[in-house]
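Q: Could you take a close look at the charged side chains in this one and walk me through who pairs with whom? I'd like one connected answer rather than a list.

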Amino acid sequence: MKLALLLAALFLATPARADWKPIEKIDTYAVSGESAEQLYLSIGAKGPVIGKDSTGAERRVIAHTNFKLTWQRDYQPQGDGCVLKSARPKLIITYTLPKPAAKLPAATQARWDAFSAGLIAHEKVHGAGIVEMVDKIVAFSTGLTVQNDPGCTKIRAQLTRYLDQLSKAQRQGSRDFDKVEFGQNGNMLKLIAAFLGGG
């Protein structure tokens, strides 16, 4: 798979991160079984719920990437305007992944290890997209100046509009990536097939 190359490209395209780093966490949910097939069925029953399908049933996924983003921003009135002197993010990215509840037979463990490595590589691309979005926000925010805004209200509205645009673009990029990964000849379909088929 070319996930490592895609990760590298994402980070190379991102401005240098001067004074912050994302915090990455891994949460797991327990799956049971001794064979690849049993484990995969358990994933289907216990995977993270990300919404509902068209019938109203819970929509579960194999793995999921989520994040919490908060900011420390320094708005300063400047003459009759306002400048955003600094914007420091705190970004926590959480990857939710399956984990066998019990020791696996050696052959199944080998297949699981390859499957698990592919899952985290896939989710890390989602994480890289989130980091890229935050870097763009920092670059846009720092030094942002709005005239005729001594109360620093217009600048907040302008920043909110930009953040909304970036957030929508990030979510669309994530959906597009999954569409390719789970599409015909996609990396995730190949990963699942190898896990279940032992190839």
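A: Let's start in helix H3, where Glu132 and Lys136 sit four residues apart, or about one turn of the helix. Their side chains form a salt bridge, with the closest N and O atoms 3.9 Å apart; the cut-off is 4 Å, so this pair counts. Keep in mind that this is a predicted model. The two partners don't share the same kind of surroundings: Glu132 counts as buried, at 16% relative accessibility, whereas Lys136 is partly exposed, with a relative accessible area of 37%.

Helix H4 (residues 154-181) has a pair with that spacing too: Lys168 and Asp164 are four residues apart, so about one helical turn separates them. Here the closest N and O atoms of the salt bridge are 3.2 Å apart. Lys168 is partly exposed, at a relative accessible area of 47%, and Asp164 also counts as partly exposed, at 38% relative accessibility.

Then there's Arg60, whose side chain meets that of Glu58 in a salt bridge, 3.2 Å from N to O. Arg60 is partly exposed, with a relative accessible area of 33%. These pairs are among the four salt bridges that the structure holds.

Now for a charged residue without a partner. Side chains of opposite charge can pair when their charged atoms come close. Back in helix H3 (residues 106-141) you'll find Glu123, which is buried yet has no salt bridge. The nearest side chain of opposite charge belongs to Lys124, and that is 11 Å away; a salt bridge needs a nitrogen within 4 Å of a carboxyl oxygen, so Lys124 doesn't qualify. What does Glu123 touch, then, leaving out residues up to four places away in sequence? The answer is Ala63, His64, Thr65, Tyr95 and Leu97.

One more charged residue turns up where two helices meet. Helix H2 (residues 36-46) packs against helix H5 (residues 187-197) at an angle of about 135°, with the axes 8 Å apart. That angle makes H2 oblique to H5. On the H2 side, the contact is made by Ala36, Glu37, Leu39 and Tyr40, while H5 brings in Ile192, Phe195 and Leu196. By class, that contact has six nonpolar residues, no polar ones and one charged residue. The charged one is Glu37, since Glu is classed as charged.

Note on methods. Residues numbered from 1 in each chain as written. Predicted model: local features only at pLDDT ≥ 70, side-chain atom pairs only at ≥ 80, totals over all residues. Heavy atoms only, no water. Axes fitted to C-alpha atoms, helices over the stretch in contact; angles between N-to-C directions. Parallel < 35°, antiparallel > 145°, perpendicular 65-115°, else oblique. Contact = heavy atoms within 4.5 Å. Buried < 20%, exposed > 50% of the residue type's maximum accessible area, 1.4 Å probe, protein only. Lys, Arg positive; Asp, Glu negative; His and termini not counted.
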